[in-house]
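You asked for a colleague's reading of this model before you take it to the bench. The points below deal with its salt bridges and with two of its helices.

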Amino acid sequence: HSRTALARAEFFLHLAEKCEPDQRAEFEAYVDASIIFARTALHRLQSKYNHHPSWRTWFAQLKGNPAVEFFRENRDYLLKEGPVKIGQVISFNPITTAAQLYFFETPPAPATETLRKYLISYSQILQGGTEIFNK
């Protein structure tokens with residue numbers, strides 16, 4: 001299990017969550033890695049099951065799903081354009097983690113909370129697909 005793409009995405013997210021405020025470069029790298037591995041999970045699923053009779057129907061249903069789109073858009077941008085588009089918070093309040101300095105959607109929700117929310121949903125979607133294909 002620890003070698004699956006989703007396990008690696010979780011691993012790097014966990015590392016990002018532990019970063020201190022002075023570890024911003026590390027934080028960003030871990031977030032990038034988490035996004036890349038999360039998206040990789042769908043590609044690996046596709047490689048394994050794209051010949052399954054239900055694949056096309058199941059895959060078509062993913063279009064527009066917020067979690068799927070989050071990982072697709074961010075991974076594509078990261079690989080083709082540059083660092084993930086992530087907002088930064090300027091604060092004079094005490095900060096205990098690097099995550100408090102970044103957001104994806106709207107502050108004050110830390111980027112790691114948003115990433116975790118989407119990773120949980122994404123994992124459930126991929127698990128559901130795997131169950132369908134293994135029937």
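**Notes on the salt bridges and two helices**

1. R116 and E10 form a salt bridge in which the closest N and O atoms are 2.9 Å apart. Since R116 belongs to helix α5 and E10 to helix α1, the pair ties together parts that are 106 residues apart in sequence. Please keep in mind throughout that this is a predicted model. Neither partner falls under the 20% limit for a buried residue: R116 counts as partly exposed at 23% relative accessibility, and E10 likewise counts as partly exposed at 31%.

2. A second contact of this kind involves E105 and K117, whose side chains meet in a salt bridge at 3.4 Å, N to O. This pair also links distant parts of the chain, with E105 in the loop between β2 and α5 and K117 in helix α5, 12 residues apart. E105 is partly exposed because its relative accessibility is 40%, and K117 is partly exposed with a relative accessible area of 45%.

3. Salt bridges that share partners join E69, R72, E73, R75 and D76 into one network. Within it, the side chains of R72 and E73 meet at 3.7 Å, N to O. R72 is partly exposed, with a relative accessible area of 29%, while E73 counts as partly exposed at 46% relative accessibility. Across the whole structure, the search finds 7 salt bridges.

4. How far apart are the end C-alpha atoms of helix α5? They are 33 Å apart, which agrees with the 33 Å that its 23 residues (111-133) should span at 1.5 Å a residue. The buried residues of α5 are A111, T112, T114, L115, Y118, L119, Y122, I125, L126, G129 and F133. In considering such a list, it helps to recall that an α-helix has 3.6 residues a turn, so residues three or four places apart point the same way. What covers the buried residues of α5 includes α1 (5-18), α2 (24-49), α3 (55-60), α4 (66-80) and β2 (102-103).

5. Helix α2, with 26 residues, reaches 38 Å from its first C-alpha to its last, close to the 38 Å expected at 1.5 Å a residue. Its buried residues are F27, V31, D32, A33, S34, I35, A38, R39, A41, L42, L45 and Y49, so the charged residues D32 and R39 each have under 20% relative accessible area. The cover over the buried residues of α2 includes α1, α3, α4, β2 and α5.

Note on methods: Residues numbered from 1 in each chain as written. Predicted model: local features only at pLDDT ≥ 70, side-chain atom pairs only at ≥ 80, totals over all residues. Heavy atoms only, no water. Helix = DSSP H or I, 4+ residues; strand = E, 2+ residues; numbered from the N terminus. Expected span 1.5 Å × (residues − 1). Buried < 20%, exposed > 50% of the residue type's maximum accessible area, 1.4 Å probe, protein only. Contact = heavy atoms within 4.5 Å. Salt bridge = Lys/Arg side-chain N within 4 Å of Asp/Glu carboxyl O.
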